[in-house]
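Trainee: Please take one part of this structure and examine it closely, then relate that part to the rest of the chain. I would like the cut-off behind each term as you use it.

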Amino acid sequence: MGQLSRIGVAIDSGLLGKFDRLIESRGYTNRSEAFRDLIRDELVETFWQNPDSSVVGTVTLVYDHHVRLLSEKLTDIQHDFHHHILSTLHVHLDHDHCLEVLVVRGKAAAVKKIADTLISTKGVAHGRLTITTTGAEL
Ligand code: NI
């Protein structure tokens, strides 16, 4: 952490009350850390807007492995992007459904393409790209 700067923020009392209730429900014990996290979240989002940014994230997929050739297709796609996929976790959720979590790393454009390709594959019930940071830019 760098040098600390103190700032004063004027904010509508009603809005501040809502913010306090929100952050309390999320477990924050003070506003400063909640503000810092909001700022970091926006910075990470903005960082990802640049296709050339070096990023890390996770892709979460839920699918029915009985869908014909779906598992093979998802594996083929992952092999196509093997340089960007650091690790995968596969959980057999129930008799039909699988959950996969992929840790991905690379340029933002490439990582988004991997996520879009996997999530848009027919038979994937739900998918999400979680964007995060290596921490270096914060
Ligand atoms: Ni499975």
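Mentor: Arg 6 belongs to the segment that precedes α1, where helices (H or I, at least four residues) and strands (E, at least two) are DSSP runs numbered from the N terminus. The model is a predicted one, in which local features need pLDDT of at least 70 and side-chain atom pairs pLDDT 80 or more, while totals for chains, interfaces and linings use all residues. Residues are numbered from 1 along each chain as its sequence is written, and side-chain values rest on heavy atoms, with hydrogens and water left out.

Arg 6 has 85% relative accessibility and therefore counts as exposed (over 50%; buried is under 20% and partly exposed in between, with a 1.4 Å probe and protein chains only). From Arg 6 to Ser 32 there are 26 residues in sequence, and the C-alpha atoms are 9.9 Å apart in space.

Ser 32 leads to the largest pocket, whose volume is about 640 Å³. Its lining holds 15 residues, and those closest to the centre are Ser 5, Ile 7, Ser 32, Phe 35 and Arg 36. (A pocket is an open set of points on a 1 Å grid where a 1.4 Å probe fits, with protein on both sides within 12 Å along at least five of seven lines; lining residues have an atom within 4 Å of a point.) By class, the lining has 8 nonpolar, 3 polar and 4 charged residues.

Phe 35, one of those residues closest to the pocket centre, also takes part in the 1 aromatic pair of the model. Its partner is Phe 19: the ring centres are 5.0 Å apart and the planes stand at 25°, so the pair is stacked (centres within 6.5 Å and planes under 30 degrees apart; over 60 is edge-to-face, the rest tilted). The pair joins distant parts of the chain, with Phe 19 in helix α1 (residues 13–25) and Phe 35 in helix α2 (residues 31–49), 16 residues apart. Phe 19 is buried because its relative accessible area is 14%, whereas Phe 35, at 33%, is partly exposed.

Helix α1 also contains Glu 24, which is exposed because its relative accessibility is 60%. Glu 24 is 81 residues from Arg 105 in sequence and 33 Å from it in space, C-alpha to C-alpha. As for the wider layout, the chain is divided into domain 1 (13–47) and domain 2 (54–133), with bounds from an automatic or database assignment. The domain centres, taken over C-alpha atoms, are separated by 30 Å.

Elsewhere in the chain, a nickel ion is coordinated by His 90 (NE2), His 92 (ND1) and Cys 98 (SG), at 2.1 to 2.3 Å. Donors are N, O and S atoms within 2.8 Å of the metal (3.2 Å for Na, K and Ca); water is not among the atoms, so sites may look incomplete. The donor spacing in sequence is H-x1-H-x5-C. His 90 is partly exposed at 34% relative accessible area, whereas Cys 98 is buried at 3%.

Methods. Grid points are joined across faces, edges and corners, and a volume is the space filled by probe spheres set on the points. Ala, Val, Leu, Ile, Met, Phe, Trp, Tyr, Cys and Pro count as nonpolar, Asp, Glu, Lys and Arg as charged, and the others, Gly among them, as polar. Rings of Phe, Tyr and Trp (its six-membered ring) pair if their centres lie within 6.5 Å; planes under 30 degrees apart count as stacked, over 60 as edge-to-face and the rest as tilted.
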